[in-house]
Amino acid sequence: KTKHRIAVIPGDGIGKEVVPEGIRVLDAAGRRFGIEFEWDHFDWSCETYRKTGRMMPADGLERIARHDAIFLGAVGFPGVPDHVSLWGLLIPIRRTFQQYVNLRPVRLLEGVTSPLAGVKPGDVDFWIVRENNEGEYSEIGGRLYTGTEHEMAVQESVFTRHGTDRILRYAFELAQSRPAKHLTSATKSNGIIHTMPYWDERFAAMAKRYPGIRTDQYHIDILTAHFVRYPQRFDVVVGSNLFGDILSDLGPAVAGTIGIAPSANLNPEREHPSMFEPVHGSAPDIAGKGIANPIGQIWSGAMMLEHLGHAEAAGAVERAFASVLADSDILTPDMGGKASTREMGEAVARAVERA
Ligand code: NAD
Ligand code: IPM
Ligand code: MN
């Protein structure tokens, strides 16, 4: 029996509600495929911040550095400024553990309705590869002349050759492994005159090493329009930290609901643990009601299984939630149903046994 030690950080809001369902489904998969999970819980959250003045203890990162993976819900809640909560927990994990790939699949599943007329399952099936360690999310900058009429805020973007090339390489490799072998780059080199022309230059250089891949690039503004108009066009889409963030909420919206979207924050070299979390946040507007969609968390769990080397179990989890969604009896309100978070989690866990 394989055993894995997983650091669990439910975090805030609906993170606390969907993480137990993710664990329920992974335990069910574990029973079926002979995998044992040791779930090590860390109650780091905005509540912790209010009690201790910190999102996590000073040695927090050390405490999770040797786990096989991190399973996270969501971070951030009204009452603590987002830049405090996120830069005190989520972003340090992504950076310290060099999780420079944020991999976010976008797929319209049977039983889920796209808000776009005429778009059906099979039409929307692509991967967003988001740079996750640098770019627009930089600490360089500051505020000046505060309190005067000259006050200003400045924030620099950082695009290193190392950081740009490694995310582009990952995206080309992923495209290489897909039947369509098509990679789209999100850019804005017409308006952002230093970093984005540099991104395009590195993209073109990398493309030369992958002659079998069809590439194209769009400025981010029209790319968002194309996501809505022609979602069928995309296979793998690579973008900077901010562009990838925006596209990875838009993609799932086109595929029905942000509630099902998963993500993997990967350290491909496996020198540090990778982290698996849904794309969505803590959803303060529905937190505490028990109606959050747990599929984003469950699907993130499937990505974690895959990463840990259990492709068969990952496939079973994916088939399990796909079959529950296709049945359409048990759907949470964001998909037009009446089911609770727990009812959906239990249905998927049962389905894993026969998937
Ligand atoms: P959000 O994703 O939390 O919510 C946006 C909307 O989507 C809300 O109407 C919410 O009810 C709905 N929604 C989200 N997940 C859902 C689910 N599983 N089921 C049903 N409906 C769902 O985004 P927001 O409102 O911009 O952010 C709220 C907080 O979460 C903020 O503090 C933000 O910084 C944080 N956040 C954290 C993460 C993360 O931890 N990775 C990601 C995004 C936002
Ligand atoms: C995400 C979130 C985070 C991000 C926020 C909460 C910092 O939106 O994981 O997509 O922008 O990376
Ligand atoms: Mn986001």
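Which strands and helices do the buried residues of helix 6 pack against? Keep that in mind while you set up the view. The model is predicted.

**Stop 1: the whole chain**

Show the full chain as a cartoon. Its secondary structure amounts to twelve helices and twelve strands. The radius of gyration is 20 Å, close to the 20 Å that the globule rule gives for 355 residues, so the chain is as compact as a globular protein of that length. Align the view to the principal axes. Along them, the C-alpha atoms fill a box of roughly 55 × 50 × 40 Å. Now colour by burial. Of the 355 residues, 48% count as buried. Draw the contacts between residues at least 6 apart in sequence: 76% of these join residues at least 24 apart.

**Stop 2: helix 6**

Select residues 161-176, which make up helix 6. Put a distance between its end C-alpha atoms. They are 22 Å apart, which agrees with the 22 Å that its 16 residues should span at 1.5 Å a residue. Next, show side chains for Thr164, Ile167, Leu168, Ala171, Phe172 and Ala175, the buried residues of helix 6. Look down the axis. These residues cover an arc of only 135° around it, which puts them on the same side of helix 6.

Now the opening question. Add these partners of the buried residues to the selection:

- strand 4, residues 101-107
- strand 5, residues 125-131
- strand 8, residues 182-187
- helix 7, residues 195-208
- strand 10, residues 236-239

**Stop 3: ligand 1**

Centre on ligand 1 and select its shell. There are 22 residues around ligand 1. Which of them come nearest? Label Gly76, Gly259, His280, Gly281 and Asn293. Colour the shell by class. Eleven residues are nonpolar, seven polar and four charged.

**Stop 4: ligand 2**

Move to ligand 2. Gly76, Leu86, Leu90, Asp245, Val279 and Gly281 surround it. By class, this shell has three nonpolar residues, two polar and one charged. Keep Gly76 and Gly281 labelled: they are in the shell around ligand 2, and they are also among the residues that come nearest to ligand 1.

**Stop 5: Gly309**

Finish in a loop. Select Gly309, between helix 10 (295-307) and helix 11 (311-327). Is Gly309 buried or exposed? Gly309 is exposed, because it has 12 other C-beta atoms within 10 Å, and a residue with 12 or fewer counts as exposed. Then pick Phe126 as well. Gly309 and Phe126 are 183 residues apart in sequence. From C-alpha to C-alpha, the two are 22 Å apart in space.

Note on methods:
Residues numbered from 1 in each chain as written. Chains lettered and ligands numbered in written order. Predicted model: local features only at pLDDT ≥ 70, side-chain atom pairs only at ≥ 80, totals over all residues. Near = placed C-beta within 6 Å. Nonpolar A, V, L, I, M, F, W, Y, C, P; charged D, E, K, R; others polar. Helix = DSSP H or I, 4+ residues; strand = E, 2+ residues; numbered from the N terminus. Rg over C-alpha atoms; globule rule 2.2 N^0.38 Å. Buried ≥ 20, exposed ≤ 12 C-beta atoms within 10 Å, placed from the backbone. Contact = placed C-beta atoms within 7 Å. Expected span 1.5 Å × (residues − 1). Arc of directions from axis to C-beta.
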